[in-house]
Protein chains: 2
Amino acid sequence: MTASRTARERVRAELTREITDIARRQLATEGAGGLSLRAVAREMGMVSSAIYRYFPSRDDLLTTLIIDGYNALGAAVERAEAAVPRDDHLGRWLAACRGVREWGVAHPHEYALIYGSPVPGYQAPQETIEARLRDVVVLGRLMTDAWQAGAVRTPEEEAPPQLEPDIAGFRELMPGVPDPVIWRALSAWTSLYGWVNFEVFGQFNNTLHDRGGAFEHSMRIAAGTIGLAQ
Amino acid sequence: MTASRTARERVRAELTREITDIARRQLATEGAGGLSLRAVAREMGMVSSAIYRYFPSRDDLLTTLIIDGYNALGAAVERAEAAVPRDDHLGRWLAACRGVREWGVAHPHEYALIYGSPVPGYQAPQETIEARLRDVVVLGRLMTDAWQAGAVRTPEEEAPPQLEPDIAGFRELMPGVPDPVIWRALSAWTSLYGWVNFEVFGQFNNTLHDRGGAFEHSMRIAAGTIGLAQ
DNA sequence: CGATCGTCAAGAGCAGTGCTCTCGTTTCTT
DNA sequence: AAGAAACGAGAGCACTGCTCTTGACGATCG
């Protein structure tokens, strides 16, 4: 049940991979709306109905691309953050931010697919949750390290008590970090993705020019909001 | 050239308005991808080709909806912020934020149209720039007032000098406000829209529950980042 | 008042889409 | 070797945006 079966399954895996590769290329050039199963089939020299042997629907193919996108972004953030010395917490934060931004501007359509408006009737969430957490896991580890090292200023305000159960998920990602700090990290997080959304989706066109520099400064401000000592 | 001509032009304006109304309703239920000229025509009892007498293309109809969306959001923000006493600068900031969020969650598809991923090959920017500034104009006035009233703490860091020409557009919106403060306002701005993007696009599903409360707290943190005295 | 000219709705049609079904063929399993 | 499962090809359905032509209505000018 191994060699012979894998003979067929190997070509199946090969073709599946080829489909997703072509689809990703189409996505990168045309955008999500321009992704066409027939065009993919045409480029493969297949007939359109044959694609359905590998993906039951167009949305299913899109879901695969979404998961791939989350993983690619997560990997980029992990790689960027890992290149900084562990005790340079501000540097780790800035590197992670840069990782998000640079991946986003390099792959705008894929970024739009995962952080933009949900394209159809939004589908298949369950399989994506694991992949989608990779970037925020990086933030959690970084915050945990910084807090344990005493490198985080405790904010003046208190966490609203009625919101205590709401951030349980985030608390697991940063064990030991007090709630007010978690809230500030979350706020900085939205600032990061708000910026990248603005830039990738073209809201900064004809406005900001040195976007890399402006982003850097903005993320330093966000680090200050978190209370990260420089 | 007045009465008789307007007789025809009146029914034309009437039909144009009816088309956009139906299109907006379809947009609200189906999303941008599900907006179909043929469906609009069907609902009006017209034949599909007749629509093209009023809108030269589907993208053109979408552009109209985008401009309407910017204006609706801008009006909502203006209304929310205007209801707060002029000298309560923190309250004005929070009200403006609430205006953005509440309009976004109430009209998710329209919000996605204007702040989400650009749907086709992004089109017609020039006519939208005026309408799209209405919300940020509110922020600018609020910041100007707060600064003149001495209600803004001057940040410790300096503005990066090489970015000085980059925020010229924002400087016009807040005359007299020093650059470091402008940068912090911009950072809070991205935090606001980052949050609303996350919420409207479903990134907070199964995570945050009391989103209104969490949003409020996050925007208070953002106000602290700006340096708005409470 | 009557001719004219622009505006309009309707219809047919083109090229493209996602998706389904059927029909032989190939490949693997037993 | 026989049966079962997987596969590619093709035709076809319902839908889309968009174009072109045709005929009718209504406003304008001689």
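# Exercises on a predicted two-chain helical model

Leaving aside neighbours within four places in sequence, B:T16 touches B:Y54 and B:F55. This contact comes from a predicted model, and the exercises below work outward from it.

## Exercise 1. A residue in the first helix of chain B

Determine where B:T16 sits, whether B:T16 is buried, partly exposed or exposed, and how far B:T16 lies from B:Y54 in sequence and in space.

Solution. Begin with the secondary structure, where B:T16 is placed in helix α1 of chain B, which covers residues 3-30. Next take the accessibility: the relative accessible area of B:T16 is 23%, and because the partly exposed class runs between 20% and 50%, this residue belongs to that class. Finally compare the two kinds of separation, for B:T16 and B:Y54 are 38 residues apart along the sequence, while their C-alpha atoms are 6.3 Å apart in space. The contacts of B:T16 with B:Y54 and B:F55 rest on heavy atoms within 4.5 Å.

## Exercise 2. Two arginines of chain B

For B:R79 and B:R134, name the helix that holds each residue, and classify the exposure of each.

Solution. Start with B:R79, which is located in helix α4 of chain B, residues 58-82. Its relative accessible area is 58%, so B:R79 is exposed. The C-alpha atom of B:R79 is 29 Å from that of B:D60, a residue 19 places away along the chain.

Turn then to B:R134, which belongs to helix α8 of chain B, residues 134-148. With a relative accessibility of 24%, B:R134 counts as partly exposed. Once neighbours within four places in sequence are set aside, the contacts of B:R134 are B:N71, B:G74, B:A75 and B:E78. The C-alpha atoms of B:R134 and B:E102, which are 32 residues apart along the chain, are separated by 16 Å.

## Exercise 3. Checking helix lengths

Test whether the end-to-end distances of α8(A) and α10(B) agree with a rise of 1.5 Å a residue, and then describe the burial of each helix and what follows it.

Solution. Helix α8 of chain A, residues 134-148, has 15 residues, and the expected span is 1.5 Å times one less than that number, which gives 21 Å. The end C-alpha atoms of α8(A) are 21 Å apart, so the expectation and the model agree. The buried residues of this helix are A:D135, A:V136, A:V138, A:L139, A:G140, A:L142, A:M143, A:T144 and A:A146. After α8(A) comes A:G150, with a positive phi near 70°.

For α10(B), the 22 residues should span 32 Å, and the end C-alpha atoms are 31 Å apart, which again agrees. As for burial, 22 of the 22 residues of α10(B) are buried. Just after this helix, B:G202 takes a positive phi of about 85°.

## Exercise 4. An asparagine with a positive phi

Explain what sets the backbone of A:N206 and B:N206 apart from the general pattern, and say where these residues lie.

Solution. First recall that most residues other than glycine have a negative phi. A:N206 is not a glycine, yet its phi is positive, about 60°, and B:N206 likewise has a positive phi, near 60°. Then locate them: A:N206 lies in the loop between α10 (179-200) and α11 (211-226) of chain A, and B:N206 lies in the loop between α10 (179-200) and α11 (211-226) of chain B. As to accessibility, A:N206 counts as exposed at 73%, and B:N206 counts as exposed at 73% too.

## Exercise 5. The chain and its copy

Summarise the build of chain A, and work out how chains A and B are related.

Solution. Chain A has 11 helices and zero strands. Its C-alpha trace spans about 65 × 50 × 35 Å along the principal axes, and buried residues make up 51% of its 230 residues. Of the contacts in chain A between residues at least 6 apart in sequence, 70% join residues at least 24 apart. Chain A exposes about 10900 Å², of which carbon and sulfur atoms supply 51%. The mean positions of its 24 positive and 29 negative charges are 8 Å apart.

For the relation between the chains, a turn of 180° with a shift of 0.0 Å along the axis lays chain B on chain A with an RMSD of 0.0 Å. The two copies are therefore related as by a two-fold rotation axis. Since 100% of the interface residues of chain B are also interface residues in chain A, the copies meet through the same surface.

Terms used. Residues numbered from 1 in each chain as written. Chains lettered and ligands numbered in written order. Predicted model: local features only at pLDDT ≥ 70, side-chain atom pairs only at ≥ 80, totals over all residues. Heavy atoms only, no water. Helix = DSSP H or I, 4+ residues; strand = E, 2+ residues; numbered from the N terminus. Buried < 20%, exposed > 50% of the residue type's maximum accessible area, 1.4 Å probe, protein only. Areas by Shrake-Rupley, 256 points an atom, 1.4 Å probe, with all protein chains shown as cover. Lys, Arg positive; Asp, Glu negative; His and termini not counted. Charge placed at Lys NZ, Arg CZ, Asp CG, Glu CD. Least-squares fit on C-alpha atoms with pLDDT ≥ 70 in both.
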